[in-house]
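This report looks at a few local features of one protein chain. The sequence and the structure are shown first, and the description follows.

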Amino acid sequence: MEPRVGPAPDAAPQVRPYHHPAAGWGAAKSVTRVLVEERELVDGPRAIMRMNHENGGFDCPGCAWPDDTKGLRLDICENGIKHVTWEMTRKRVDRAFFAAHSVTELAGWSDYDLENQGRLTEPMAYDPESDHYVPISWKEAFEVVGAALRGLDDPNRASFYTSGRLGNEATFLYQLMARELGTNNLPDCSNMCHEASGRALQAALGTGKGTVDLKDWESADALFILGVNAASNAPRMLTALAEAERRGAQIVHVNPLVEAAATRTIVPHEFLDMALFKSTRTSTLNLQPRIGGDMALLRGMAKAVLEQSASDPKALDATFVERHTAGFEEYRALCAATPWEELERQSGLSRADILRAARVYTEADRSIVSWCLGLTQHEHGVDTVREIVNLLLLRGNIGREGAGPSPVRGHSNVQGNRTCGIDHRPTEAFLDRLADACGIDPPREHGLDTVRTIQAMRDGEVKVFVAMGGNFALAAPDTAATYAALRSCDLTVQVSTKLNRSHLVHGRAALILPCLGRTEKDHQRKGVQRTSVEDSMSMVHLSLGMKRPASPHLLSEPAIVAGMARAALPDSETPWDWYIEDYDRIRDTMAVALDGFEDFNRRVRLPLGFRIKQPARELVFLTPSGRAEFSTAALPDVVPEPGTLALGTMRSHDQWNTTIYSDDDRYRGVKNLRTLVFMNRADMRERGIADMGAVDITSTAKDGSHRYLKGYTAVPYDIPRGCAAGYMPEMNVLCALGDYSTQSDQPIMKHVKVTIVPAAGG
């Protein structure tokens, strides 16, 4: 059965243009509705006042935007509050619930209805005879996992997945367990999101992360925001954009859709503006390239900078280029040889538009370029991010205040997961330090990423799949293939807070292991524990839960990892129980094992924590040349073939990753509808598709195979010709498992080749 994501609509679908500012009273109204529906009118506001604060607060379990540096008391956003109240719900999924509903029955429920049942309360095991989940003790559950892992003829028959919600301490223990078992099969959500960013930045600058922090955002003269729907994906960015506009900075948004964050905002904690309905612009220029056309735009801006430098030497920072870069002459020749006509064709923008963006760049002393999945989930995602670096290098916008590359990571600790060892391609240096710090002999061969884990499960090569958080069945590409892969496993283990689709699409044996949420107190032998997280700008800080756990039977994520490890590694000399008594002990080991985490326990308790050292920020480039590397990749051909469209998947405003809060998408003017596709009106006319007409969508994979969605609603929208867009996870079914980038191995969910026609019989 294919997933039906979102609540059953109780009213007719509506689509009306949205003309209001982002955030503001619309966000306040939405938050109030959520607090009322979840009956959290007391604890909800308390949580709001404790979220994202350095003294006794907890880190928002939503996005990875950094905490405010100026002591802001309400460093919050609509989506963060929704995420927290969704976790704090009073509803419970207990043994009585599972006794009343079989897995077959639950498989017919919408994904909204599954998560809306509330918090999981105790470990459960799948009983194939009754087709129900039944209670199991923690001891028995850990032994099931341990026996399965001990019984494998090769540790690479297991794969250990993480979503971005896992704290640093649990992350470190998780990867330690996997490597002590003997595998680097550590796929994560980065494999589907920002893998291209990490590989590009590593190749160009010798680091897999951005070089800027929030203070740089506060002093930049120009901000370029590419492929980001900030109002939904990183809403606290709106504060930075509003402040930038007020100080006279230029803000350029680049996106096929002009999103709400690219117009104007009322920041909710600015009470006078709220009272007066006073909005602030969040852009000075909006450009709408075709899907995949960003690289051509960036190349065109670089070409304009180089052409201008012939008459205006200040346009190019020749001193920086000479001292700190390699490959400049080859790149300059490449730009000169690229015709403007080809740049216009591939970007979908006019030469005048490209020059307008270049003028903003050359007139700014300090520029930041920020991007998200709109750039990475493409075949050429690595080349595009490297083109960002090329552009920044031309004017020395690396290693100085107010300038640099700034990827927008999506989930709260996804960057920390990678920093703390969740990497299927670990470096030799990392493994050497881990071996010395932990007394293990970690495997050296690369492991499986997300796509290859699915392939290996499908082919019977991976028998045990463990997921720490997330909703893998829906987050992964090619829904049918992912379902089949999970069902081929001998054992699937899901560590979760709420019921979701991945509990119903399971292996022959299956466990649900419920964990504490970010908002809840973590009581261990040495007292209430804090965990650490890393934001998208490399700041590491502590998080302390405030609420009584939803059930006395919940365990923390570190405790669950330790329980599995004890059972799977009975002869291990790693002090798993000792670590769980006091997380400071885990951090002491991390301080030895992880570069940049020296003196961890002291520094993480400083106000706002600490920033992980960043050599490229100090103009130290750990590349083969010892310099920042220009790249000279050819422009990809992203113009759709006649009759086809390039489709990109995205989130609605009222969802977070695969969690759907409603069938609405306020900022795009949609109510009571998720099974839709946004199209250019001219493309609709050409295909005989009426406004709000029913359509069938067919994707064509690289191998020529097809995938289908039937009876979707076509919504006319301001999007370039040849482009279309719709919501994930519903549209993940259209992205074939084999359609991943050869540069990053990421599924190309932002560039699916489709045909769209009026629905058969419609």
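## Strand 25 and its partners

Ala 646 of strand 25 has Lys 753, a residue of strand 33, as its bridge partner. In this predicted model, strand 25 (residues 645-650) and strand 33 (residues 752-758) are paired in the antiparallel sense through three bridges. Strand 25 also runs parallel to strand 32 (residues 723-727), to which five bridges join it, and here Leu 647 is the bridge partner of Ala 724.

In a regular strand, side chains alternate between the two faces of the sheet. Both faces of strand 25 are covered, with Leu 645, Leu 647 and Thr 649 buried on one side and Ala 646, Gly 648 and Met 650 buried on the other. Because six of its six residues are buried, strand 25 is largely enclosed by the rest of the structure.

## Helix 22

The buried residues of helix 22 (residues 428-438) include Phe 430, Leu 431, Leu 434, Ala 435 and Cys 438. Viewed down the helix axis, the buried residues fall within an arc of 135 degrees, so they line one face of helix 22. Helix 8 (168-181) and helix 28 (583-593) are among the elements that cover these buried residues, whereas the face turned away from the buried side carries the exposed residues Ala 429 and Asp 436. After helix 22 comes Gly 439, which has a positive phi near 65 degrees.

## Ser 219

Ser 219 is found in the loop that lies between helix 10 (214-217) and strand 8 (222-226), and it counts as buried because its relative accessibility is 13%, under the cut-off of 20%. A polar atom of the Ser 219 side chain lies 3.3 Å from the backbone oxygen of Lys 215. Apart from neighbours within four places in sequence, Ser 219 is in contact with Arg 247, Arg 366, Glu 401 and Gly 402.

Methods
Residues numbered from 1 in each chain as written. Predicted model: local features only at pLDDT ≥ 70, side-chain atom pairs only at ≥ 80, totals over all residues. Heavy atoms only, no water. Helix = DSSP H or I, 4+ residues; strand = E, 2+ residues; numbered from the N terminus. Buried < 20%, exposed > 50% of the residue type's maximum accessible area, 1.4 Å probe, protein only. Polar contact = N/O pair within 3.5 Å; in protein donor to acceptor, adjacent residues only side chain to side chain. Contact = heavy atoms within 4.5 Å. Arc of directions from axis to C-beta. Pairing = 2+ DSSP bridges.
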